[in-house]
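Got a protein model open and not sure where to start looking? Let's walk through it with some questions and answers.

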Amino acid sequence: MATSTSPKPQSPRSRKPSGTQKKASGSGGSRAQAHDDSTEETPVAARVLYSAWMMLARPIGAAVRQLGVNLRIPRSDRRDGLGLTLLLLAVLVACVAWWPSSSGLMSWLGTLLSTLFGVGAVLIPLGLGINAWRMFRHPTEHRANQRIAIGEFVILLAACGFLEALAHSPALLSPGSRAAGGLLGALTGGALARVALSIPTALLMLLVGAIGVLILTATPVRHVPYKISTAYQRLMGEDPRKASAAEKAPGTDLTGAQHDQSYLDEHHSGSHAPAPKRKGFFARLFGADETEPRGDRPGDIAFDSAAVVEPAGSRTPAADSGYDLSGDAPAQAVSKRRTAAQKRGDAPAA
């Protein structure tokens with residue numbers, strides 16, 4: 001008598017997942033697990049505060065980007081939270097440094113700022129405001145943002161040192177130091193004034209401040225004489241463009257770039273494109289002249305008409321009519337393509 005035996009159920013340990021299941025769990029599961037781990041590590045209160053802060057920062061950042069040229073920045077590249085933080089710090093420091101109070105928290109903050117930076121603290125809100133503007137409108141220009149921050153710090157350093165040198169380096173953390181350059185000025189201009197005289201130290205701090213302005217505006221040193229002459233001409237009521245044109249009057253020596261070279265492009269009907277103009281002071285600082293590409297899509301310029309491939313051995317209409325193609329660049333290109341196709345035998349049969 002035959003007896004039927006039921007198959008033994010496999011234990012969970014004996015079951016092995018297939019290779020596809022392992023890959024699926026390794027690709028998508030690892031990212032999901034990492035996201036879950038980071039979410040679990042962040043406290044709930046911190047996530048709520050971050051969400052509330054960003055809900056306030058995004059509309060302000062969008063409003064700032066609407067000013068002037070409308071900028072479209074990808075969501076992943078925006079730094080609206082940092083921009084709002086810098087903006088609020090600028091407002092707070094301005095209230096403390098520009099309108100000092102003698103009571104409450106504002107008095108304590110004013111004492112702290114005057115101890116660290118002295119009278120130079122009045123410049124801090126301007127720098128924070130510029131940095132907030134850059135974070136709202138140009139968060140991806142890291143090198144320019146770092147350059148502007150370095151220039152602002154050099155200017156602040158020079159201002160504090162200049163005030164401390166003019167005050168004849170008062171005692172550290174004294175009321176006289178708070179009314180001059182503060183702790184930062186005592187470490188720079190005050191220390192130099194104790195070794196040298198006050199006037200040379202003040203002049204040196206002015207030179208350092210001028211270097212900070214050059215760093216802030218991305219102006220090379222070789223352009224300084226031209227900027228000074230242009231500013232002098234504007235103060236005198238003259239037009240710098242007319243003055244430069246008068247200097248290039250006929251009879252003077254011209255460089256190769258200044259000569260008329262239109263004979264090199266006789267087959268082009270349009271005039272020469274003007275040379276790109278260097279950005280101005282506010283353009284380099286705030287990015288005011290940056291515009292978005294509108295209308296045309298990037299790519300090659302199309303011909304005026306489509307290329308028509310004639311059968312092999314046939315004459316072109318231009319050749320039959322005796323039309324001269326020497327002055328028409330698009331027609332020459334079409335004729336060369338047609339000739340090359342006929343030599344390869346790729347032309348369609350009649």
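Q: How many helices and how many strands does the chain have?
A: This is a predicted model, so keep that in mind as you look around. Reading along the sequence, you meet one α after another. The count comes to 14 helices and zero strands.

Q: What percentage of the 350 residues of the chain count as buried?
A: To count as buried, a residue needs a relative accessible area under 20%. Among the 350 residues of the chain, the share that passes is 25%.

Q: Which residues touch the most other members of the largest nonpolar core?
A: Nonpolar side chains tend to be buried together in soluble globular proteins. Here the largest nonpolar core has 14 residues, and α3 (80–98), α4 (104–117), α5 (124–137) and α6 (142–166) each supply at least two of them. The members that touch the most others are Leu86, Val93, Leu113, Ile124, Leu128 and Leu156.

Q: Leaving aside neighbours within four places in sequence, which residues is Ile124 in contact with?
A: Ile124 is one of the core residues touching the most other members. Skip its neighbours within four places in sequence, and its contacts are Val93, Phe117 and Leu156.

Q: Are helices α2 and α5 roughly parallel or roughly perpendicular to each other?
A: Two packed helices are described by the angle between their axes and the distance between the axes. For α2 (residues 44–66) and α5, the axes are 9 Å apart and the angle is about 90 degrees. Angles from 65 to 115 degrees count as roughly perpendicular, so α2 and α5 are roughly perpendicular.

Q: How do the residues of the contact of α2 with α5 divide into nonpolar, polar and charged?
A: On the α2 side you'll find Ala57, Ile60, Gly61, Val64, Arg65 and Gln66, and on the α5 side Trp133, Phe136 and Arg137. Gly counts as polar in this sorting. The tally is five nonpolar, two polar and two charged.

Q: Is Leu71 buried or exposed?
A: Look for Leu71 in the loop between α2 and α3. Its C-alpha atom is 9.9 Å from that of Phe136, although the two are 65 residues apart along the chain. The relative accessibility of Leu71 is 13%, and the cut-off is under 20%, so Leu71 counts as buried.

Q: Which residue forms a salt bridge with Arg65?
A: Side chains of opposite charge can pair when their charged atoms come close. A search of the whole structure turns up two salt bridges. One of them links Arg65 in helix α2 to a residue in helix α3, 15 residues apart, and both partners are buried. With the closest N and O atoms 2.9 Å apart, the partner of Arg65 is Asp80.

Q: How far apart are the closest N and O atoms in the salt bridge of Arg134 with Glu141?
A: Arg134 counts as buried because its relative accessibility is just 3%. Glu141, at 28%, is partly exposed. Between this pair, the closest N and O atoms are separated by 2.7 Å.

Q: Which residue has a positive phi of about 55 degrees although it is not a glycine?
A: Most residues other than glycine have a negative phi, so a positive one is worth a look. Head for the loop between α9 (198–217) and α10 (224–235). The residue there is partly exposed, with a relative accessible area of 29%. The one with the positive phi is Ala218.

Definitions and conventions: Residues numbered from 1 in each chain as written. Predicted model: local features only at pLDDT ≥ 70, side-chain atom pairs only at ≥ 80, totals over all residues. Heavy atoms only, no water. Core = buried A, V, L, I, M, F, W, Y, C linked by side-chain atoms within 4.5 Å. Buried < 20%, exposed > 50% of the residue type's maximum accessible area, 1.4 Å probe, protein only. Helix = DSSP H or I, 4+ residues; strand = E, 2+ residues; numbered from the N terminus. Contact = heavy atoms within 4.5 Å. Axes fitted to C-alpha atoms, helices over the stretch in contact; angles between N-to-C directions. Parallel < 35°, antiparallel > 145°, perpendicular 65-115°, else oblique. Salt bridge = Lys/Arg side-chain N within 4 Å of Asp/Glu carboxyl O.
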